[in-house]
Amino acid sequence: MTETTQPTEAAPRRKLFIRTYGCQMNVYDSQRMADLLRPLGYGLTETQDDADMVVLNTCHIREKASEKVFSELGRLRLRREERRSEGADLVVAVAGCVAQAEGEEILRRAPMVDIVVGPQAYHRLPEMVARALRAAGARRGGRGAGVLDTEFPAEPKFDFLPAPTAVTGASAFLSIQEGCDKFCTFCVVPYTRGAEYSRPAAAILAEARGLVASGALELTLLGQNVNAWHGEAPDGSTWNLARLIRALAEIDGVRRLRYTTSHPRDMDDELIAAHRDVPALMPYLHLPVQSGSDRVLEAMNRQHGRDLFLRIVETLRAARPDIALSSDFIVGFPGESDADFDDTMRLIQTVGFASAFSFKYSPRPGTPGAAMTDQIPEAVKEARLAALQSSLRAQQTAFNASMAGKTVEVLFQERGRRDGQLIGKSPWLQSVHAQAPERLIGRLVEVHVTGGHANSLAGEVAAGLGVAA
Ligand code: SAH
Ligand code: SF4
Ligand code: F3S
């Protein structure tokens, strides 16, 4: 912690622990919640054990993800009892997408919870915490304060968030878009995050300048549908993501730009051209396709077919030949036949992915997919997932192996497990391990790749950086 000279910046009086589940939007939101609570005297702590307040920032995307929350709440109930026997207390808040989808249910199943706050209402957290603290003073038995806010307020929360404080590394997230209007039939996001919203360009550029000023070299633009971003430009016109990326790349000190997650339907020609023209835009794109079968894509309401996806891949590779692609896949969506699954396996062979996430379909309450009658048996889902993952793993390993012998620019971010080792990211988002002095953390460094493994690269820092003994 840095020493403060300003009397207003008092040292934290209370300890805050935030456990983050789910996607990068949640990681960003957790950082912003910490920023919001700092003026109330809360400073972040690394462990739940000494916390005065715990926030679970939750994910609802698959059943497994949301069930984790209830088991964690069970542990927190016991922890609060311990704290109270020590004469202290514990404020417990549930934020994120489970809070949004199951707010009432959380308070019913876990009445010890003090605060339930949805992803679009967390700018009101300070007021909710103040109420919870008052209620905690008069706490009887194991009950929590039960303050609930899962509204989608008319005012965008971004207008109420303080500027982000200290960046914790050279790579920072910047949320530019939220929500989704696409309603894929398997997905809860349109219900938990609400309608699509794009932040104005001026606010994004200001936040980017602030992040760069506090040490960020790499910005990852975030949104559930990030390439659908279309925001108000500083001159009052409307910009698309390609235009925003060009403006961000002009900020002095922005060395790397990424954006995630994109939808194939919104992958327009200008954005593809930005991959050709903007050197700071990294040669890597996460573009979820979900399935290679037109029939399944139609049932998923993805609003694109197999051909459109393949055409995008071709155009992207023509624009930026070294671009690496990653994707998301769902196996066992209702009605998926062996032939449909084969289409997915063929698509993988045609494209060649550098990395990918793949999941068994999980029926989510309230989504159209959950009500479909032709659900796929668990054993079939498992067999398909195993086959898919083995192909994807082979492609990822081959991609990593193809890097051996090359020199790549690595942004070092943290210490590795071995003594004297640092871990960083290549332009293609691979983890790179190398022996290097700690002063290189937060710097872009040329690394000679000595080997490519399934999940990472091994390398040696190029000569001239004072690394050799
Ligand atoms: N906005 C992104 C994805 C958000 S969710 C997009 O449009 O692609 C992240 C991934 O979780 C999805 O791409 C999908 O592969 C997976 N997913 C979403 N709902 C799911 C469900 N019900 N069962 C299994 N996987 C799911
Ligand atoms: Fe979910 Fe589809 Fe929207 Fe992505 S595009 S967030 S998968 S509804
Ligand atoms: Fe999960 Fe919500 Fe993100 S459901 S994946 S935390 S948008």
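**Figure 1. Who does Glu336 touch in this predicted model?** Leaving aside residues up to four places away in sequence, Glu336 touches Val296, Ile330, Val331, Phe341, Ile376 and Arg384. This glutamate is found in the loop between S15 and H11. Loop or not, Glu336 has a relative accessibility of just 3%, so it counts as buried.

**Figure 2. Helix H10 and what its buried residues pack against.** H10 takes in residues 306-319, which makes 14 residues. From its first C-alpha to its last, H10 reaches 20 Å, close to the 20 Å expected at 1.5 Å a residue. Look for the buried residues of this helix: Arg306, Phe309, Leu310, Ile312, Val313, Leu316 and Ala319. What do they pack against? Three helices appear in the answer, namely H8 (269-277), H9 (294-299) and H11 (338-351), along with the strands S14 (284-286) and S15 (324-331).

**Figure 3. Asn301, in the loop between H9 and H10.** Here's a bit of backbone to pause over: Asn301 has a positive phi of about 60°, although it is not a glycine. Most residues other than glycine have a negative phi. Is Asn301 buried or partly exposed? Its relative accessibility is 30%, so Asn301 counts as partly exposed.

**Figure 4. Leu429, in the loop between strands S18 and S19.** S18 covers residues 421-425 and S19 covers 431-435, with Leu429 in the loop between them. Leu429 isn't a glycine, yet it has a positive phi of about 65°. With 33% relative accessibility, this leucine counts as partly exposed.

**Figure 5. A cis peptide bond from Thr260 to Thr261.** Zoom in on the link between these two threonines: the peptide bond is cis, with omega near 5°. Most peptide bonds are trans. Where does Thr261 sit? You'll find Thr261 in the loop between strand S13 (256-260) and H8.

**Figure 6. Ligand 3, between two domains.** Domain 1 (2-149) and domain 2 (157-362) both give residues to the shell around ligand 3, so this ligand lies between them. Going along the chain, the residues around ligand 3 are Cys23, Asn26, Thr58, Cys59, His60, Ile61, Cys97, Val189, Arg193 and Gln224. How does this shell divide by residue type? There are five nonpolar residues, four polar ones and one charged one.

**Figure 7. Ligand 2 and its surroundings.** Around ligand 2 you'll see Cys180, Lys182, Phe183, Cys184, Phe186, Cys187, Val189, Pro190, Asn225, His263 and Arg302. Sorted by type, the shell has seven nonpolar residues, two polar and two charged. Val189 may look familiar: it is listed around ligand 2 and also around ligand 3.

**Figure 8. Stepping back to the whole chain, with its 12 helices and 21 strands.** Along its principal axes, the C-alpha trace spans about 65 × 65 × 50 Å. How does the radius of gyration fit a compact globule? A compact globule of 469 residues would have a radius of gyration near 23 Å, and the chain has 23 Å, so the two agree. Of those 469 residues, 53% count as buried. As for contacts with a separation of 6 or more, 73% of them come from residues 24 or more positions apart.

Definitions and conventions: Residues numbered from 1 in each chain as written. Chains lettered and ligands numbered in written order. Predicted model: local features only at pLDDT ≥ 70, side-chain atom pairs only at ≥ 80, totals over all residues. Heavy atoms only, no water. Near = heavy atom within 4 Å. Nonpolar A, V, L, I, M, F, W, Y, C, P; charged D, E, K, R; others polar. Domains from an automatic or database assignment. Helix = DSSP H or I, 4+ residues; strand = E, 2+ residues; numbered from the N terminus. Expected span 1.5 Å × (residues − 1). Buried < 20%, exposed > 50% of the residue type's maximum accessible area, 1.4 Å probe, protein only. Contact = heavy atoms within 4.5 Å. Rg over C-alpha atoms; globule rule 2.2 N^0.38 Å.
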